[in-house]
Amino acid sequence: MTLTSLSPSTDTEALLDAIRELRPQLAANGAISDRDNTDPAANFTLLEEAGANRLLVPVDHGGAFWSGTSFFDGWGTYVRAVTEVCVGDGPTGQNYLITGMVCREIFDGDLPDSTKAEVARRVRDEGLRLVASNSEAGSPKTVTARPVPGGVIVSGTKTFNSNSGSSGLANVGCVLEGENPSRHHVLVELTHPDVELHHDWDVMGQRGTYSQTVTYHDVFVPDGWHYPGHTPPPLLFGAVMILHAAIQQGVGEGALHAMVEYVRTLKRGTMPEFATAAEDPLVLRRIGDVSSKLAASRALLLDSAERIDSHRDGNDDARTAIDGYRAKVACLESSLDAANQVYELTGARSTSNKYRLDRFWRNARTFASHDPTDAKNIYVGLYEVTGELPPLSAFLRI
C-alpha cells in the first residue's frame, strides 16, 4: 500500500482498512499467543508493517491524524483503530491501545521536544511498545522517585504492567520525594539492568497482554525523561471508559466473526429437519440477535468517542463523561452476550482446543472484571437524577 500521496483523512482511512484486512491473521496469531501465554509479538510486526503505528503518533512526527497539541484530539479515530485491532485479537488491541495512550500522556507532559520526538520516532519506525506502569494493587509500598544530580532514582514495584511482554518503555507513575512530595512520571527502559520483570502473568483471559509485575531497583533516569504529574480532568475518565469499551466491543465482534465462520462449515442444523445451519431459523435468529446488539453498542461507542473528539469548551464535561460510562456498559454487555453464545451455536465439536473459541469468553470476562459495571451504572443514574458527576475521589485514589 502506497500512502505518501494521500491526504491526512484518506491516509487515515487507508490505515484503518489495512488493519481490517489483517484481522484474520491477528486472530490466528492471537490464538497461538493465548495457547502459549506469550506476548503476541507477531501481531505487532504485522501492524508495524501496515503502518498502523502512524495512528498513534502526532502528524508532525509522521502520524496520520493526531495534532499532538491536545490529549483528546482525534479520539474518535483512535478508538476506531483500537476497536479494529481488538476484533482481530483482544489482547493485541489492548496493548496497541496502551502504546497510543502513553504516547498521548508523554506529549501532554512537560518534557523536552527532543524526548517527545525520540519516543514518536521509535514508536513509528521501530515498533516501540509503551507501558502504563501505574497499578500498585498488592504492592508493598508506593513507588517513589528520589531527586539526585542529573536526574532521579526510581524505586518500588508496579503490578499489572500490560504490554510489557516485549520490554519497551514504561511511563511510571510515582511520588517525587522532597519537602512537598508530588505526583510524578518517569520514563524507564524495561531493558535497564536494574529493572526486574517477574514473568508472573498467568490468568484465564487477555493472556497476550502479558500484564506482569515489574520492580524498579533504584533505577537512575536522567533529566529530560521525567516530568511532573497533574490532576486529570473529569473528562479523562469518560474517555478512558470509551477505550475500555473499545476492547470489549472488539472482543465481542471477534466472537461473532469466529462464530459465523464456524457455522458456515456446519453440514447440519440444530435439528434433523434442517439440512444445514444456513437453513436453521434457530441459528439465524441467534446470530441476528448477537449482530444487532453489537451493532448498537458499536454505534454508541463511536458516537461517544466523536463527542470526546469534538469537546472543546469544557462546559459539558458531565454529559460527555457519562456517555463514556454508558458506552462501557453497553459494549461490555454485548460482548459478553456474544461470547456466551458461541458454543450455543457451534456445538460440541467446536469445543476442541484446536479452535480455541473459548478464548473469546475468557477475554471478555477477564477484561469485564477490570472495574465494576455496577459503579458505572450508579454514576449514570446519579447524572440522570442530579445532572452531576460524582467527585473525583470516586474515580481515582489521589
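Helices here are DSSP runs of H or I at least four residues long, numbered from the N terminus. The model is predicted.

**Stop 1: the largest cavity**

Select α3 (75-88), α6 and α9 (358-368); each of them supplies at least two residues of the lining of the largest cavity. Then show the lining itself as sticks: Cys86, Val87, Gly88, Asp89, Gly90, Val251, Gly254, Arg359, Phe360 and Asn363. The space enclosed there comes to about 50 Å³. Coloured by class, the lining gives four nonpolar, four polar and two charged residues.

**Stop 2: the second largest cavity**

How many cavities of 30 Å³ or more does the structure hold? There are two. For the second largest, with a volume of about 30 Å³, select Gly30, Ser33, Asp34, Asp89, Pro91, Gly208 and Asn363. Keep Asp89 and Asn363 displayed from the previous stop, since they line the largest cavity and also line the second largest. Next add helix α1 (residues 8-36), the source of the largest share of this lining, three residues. By class, the lining of the second largest cavity divides into one nonpolar, four polar and two charged residues.

**Stop 3: α6 against α8**

Return to α6, now as residues 235-263, and add helix α8, residues 317-346. Two packed helices are described by the angle between their axes and the distance between the axes. For α6 and α8 the angle is about 20° and the axes lie 7 Å apart. Angles under 35 degrees count as roughly parallel, so α6 is roughly parallel to α8. Look along the contact for the handedness: α6 passes α8 in a left-handed crossing. Colour the contact by residue class, and 18 nonpolar, 11 polar and two charged residues appear. α6 has already featured in the tour, as one of the helices supplying the lining of the largest cavity.

**Stop 4: the strands around β7**

Hide the helices and select strand β7, residues 212-222, together with strand β3, residues 151-161. Do these two strands run parallel or antiparallel? β3 and β7 run antiparallel, joined by eight bridges. To find one position in this pairing, label Thr157, which stands opposite Thr215 in β7.

Now add strand β6, residues 195-197. β6 also runs antiparallel to β7, and three bridges join them. Label Leu197 and Val214 to finish: Leu197 stands opposite Val214 in β7.

Notes. Residues numbered from 1 in each chain as written. Predicted model: local features only at pLDDT ≥ 70, side-chain atom pairs only at ≥ 80, totals over all residues. Heavy atoms only, no water. Axes fitted to C-alpha atoms, helices over the stretch in contact; angles between N-to-C directions. Parallel < 35°, antiparallel > 145°, perpendicular 65-115°, else oblique. Left-handed = near helix turned anticlockwise from the far one by under 90°. Nonpolar A, V, L, I, M, F, W, Y, C, P; charged D, E, K, R; others polar. Pairing = 2+ DSSP bridges. 1 Å grid on protein atoms, 1.4 Å probe; cavity = no way out; pocket = protein on both sides within 12 Å on 5 of 7 lines; lining within 4 Å. Points joined across faces, edges and corners; volume = space filled by probe spheres on them.
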